[in-house]
Amino acid sequence: MPAELANERVDHRFKGLPPDAEGLTVGELAAQRRNLFTGGFTTPVLALSAESVEHNLRLLEAYAEHHGLAFAPHGKTSMAPQLFDRQLEHGAWGITAAVPHQARVYRAHGIARIFLANELVDAPALHWLATELDADPRFRFICYVDSVRGVELMDAALTEAGATRPVDVVVELGAGEGARTGARTEADCAAVADAVAATTTLRLVGVAGYEGEVPQATTERVREWLNRLVALAADLDKAGRFSPGIDEIVISAGGSAWFDTVAEVFAEIPGLSLPVLKLLRSGAYVSHDDGHYRRLTPFNRAPEEGALQPAFRLWAQVVSRPTAEQAFTNAGKRDAAYDLDLPEAQVVRSARDGSQRPATGITVTGLSDQHGWLRTAPEAGIEVGDWLGMGLSHPCTSFDKWQLIPLVEADGTVVDYIRTFF
């Protein structure tokens, strides 16, 4: 745990932590190795499985190495520098960001390579970036450009800032009509490349995009778009549009749903005039989930490559049992991701004896701000005071509801606390 995080004081800002830990530092509390269930934690409390996080880190490291991919996992998923450090230890090239605030968090915690998967046209942010690049020759930063106007705004802000190092950019190819950002045609991409070449503040180093936005995505449609992306890189290279003096060409794609297709297409990139950095950006893998990504993960299509493990479990307490068919917990929208799926009831821990059993006959049917609605069948056997462990869907909106998350071993021992910065 980094010293600045270990020395932070535990207080009322952090949900679910033991009230008697008030005034301890996070490092001191972690050293006590309290048990999540008997160590004074209050509900609701979100926990991350230490074993599952480690498994997922190792799996994606092995996957990227096996397929010859560099890896810049998207940090917006967790916004947790401790997890960034673990990802870098497990082979990540750098960390991906989406907005300037995230890049500032990364730099504050020493991240040396940042890929910003967006066009950066905010003048104050570009002034900050120019200062960071000028102050640290080891800092590598790459971001999208997808319009001539965006290039003009970047150039003006960097010129005003007196930038001495050019900012590396990649042309973003849109994933199709009706998709999100990105230049829509190859001709548009060429115009953006020419606009970059007309500046001294930017360097064109590659191409990129996000296949997760391909309309009505199928493997075939995603592969077709990825082939366009690779062909765009080859055409820009042949036309001499990449900036002089660069030592590699960046080709980047890869969310958490189609990285298998990305790996297949990137394995067939033709020879270019420079080495190619094949940069994957999947982020949700670090915690995986019990819903959206459980259904979408490419490992479902390639089980021989392994399987990710869901690492989140939200523990709530039953606070009301008004009828035999209904119960309520004390965890609601403020505690659980609900934008894609409702939580999934998984485990009941008895308030009487601490025993655990599957949450048979229990279904989460809705969430209020601070209550979870449960439908209970006769076999549920749940009563007021019991703890209910739930799986969550969508890591991005699970992490951002919690500032300090216990990292828990299988026996309930809390071995660390993961600090988020949203």
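Analyst: In this predicted model, a run that DSSP assigns as H or I is called a helix when it holds at least four residues, and such helices are numbered from the N terminus.

User: Which element supplies the largest share of the lining of the largest pocket, and how much space lies in that pocket?

Analyst: The largest share, three residues, comes from H11, the helix that runs over residues 292-296. The pocket itself holds about 710 Å³ of space, and among the 34 residues that line it, Lys76, Arg180, Tyr210, Gly255 and Tyr293 are the closest to its centre. Strand S4, at 113-119, also supplies at least two residues of this lining.

User: How do you know which classes the residues of this lining belong to?

Analyst: The residue type decides the class, so Lys76 and Arg180 count as charged, Tyr210 and Tyr293 as nonpolar, and Gly255 as polar. Sorted in this way, the lining divides into 15 nonpolar, twelve polar and seven charged residues.

User: Where does the second largest pocket get its lining, and what is its volume?

Analyst: Its volume is about 320 Å³, and of its 18 lining residues, Ser49, Arg313, Trp315, Glu409 and Ala410 are the closest to its centre. Strand S1 (45-49) and strand S10 (312-323) each supply at least two residues of that lining, which divides into ten nonpolar, four polar and four charged residues.

User: What makes a space a cavity rather than a pocket, and how many cavities are counted here?

Analyst: A space is called a cavity when a 1.4 Å probe fits inside but cannot get out, whereas a pocket is open. One cavity reaches the cut-off of 30 Å³ or more, and the largest has a volume of about 50 Å³. Its lining consists of Ser256, Phe259, Ala284, Tyr285, His288, Tyr293, Thr297, Pro298 and Leu308, which gives six nonpolar, three polar and no charged residues.

User: Why is Thr77 called buried?

Analyst: The name applies under 20% relative accessible area, and Thr77 has 2%, so it counts as buried. Thr77 belongs to the loop between strand S2 (70-71) and helix H4 (81-89), and, leaving aside neighbours within four places in sequence, it is in contact with Gly283, Ala284, Pro395, Cys396, Phe399 and Phe422. A polar atom of its side chain also lies 3.5 Å from the backbone oxygen of His74.

User: How do you know whether Thr25 is buried or exposed?

Analyst: Thr25 has a relative accessible area of 9%, and that value is under 20%, so Thr25 is buried. Thr25 sits in the loop between helix H1 (3-6) and helix H2 (26-31).

User: What makes the approach of Thr25 to Ala6 a polar contact?

Analyst: The side chain of Thr25 reaches the backbone oxygen of Ala6 at 3.3 Å, and this falls within the 3.5 Å allowed, so the pair qualifies as a polar contact. Beyond four places in sequence, Thr25 touches Ala6, Asn7, Glu8, Arg9 and Val10.

User: Which residues have the most contacts inside the largest nonpolar core?

Analyst: They are Phe115, Phe141, Val167 and Phe266, in a core of 118 residues, and helix H9 (residues 219-238) gives the largest share, eight residues. A second, separate core of 20 residues includes Val10, Val347, Trp387 and Tyr417. In soluble globular proteins, nonpolar side chains tend to be buried together.

Terms used. Residues numbered from 1 in each chain as written. Predicted model: local features only at pLDDT ≥ 70, side-chain atom pairs only at ≥ 80, totals over all residues. Heavy atoms only, no water. 1 Å grid on protein atoms, 1.4 Å probe; cavity = no way out; pocket = protein on both sides within 12 Å on 5 of 7 lines; lining within 4 Å. Points joined across faces, edges and corners; volume = space filled by probe spheres on them. Buried < 20%, exposed > 50% of the residue type's maximum accessible area, 1.4 Å probe, protein only. Polar contact = N/O pair within 3.5 Å; in protein donor to acceptor, adjacent residues only side chain to side chain. Contact = heavy atoms within 4.5 Å. Core = buried A, V, L, I, M, F, W, Y, C linked by side-chain atoms within 4.5 Å.
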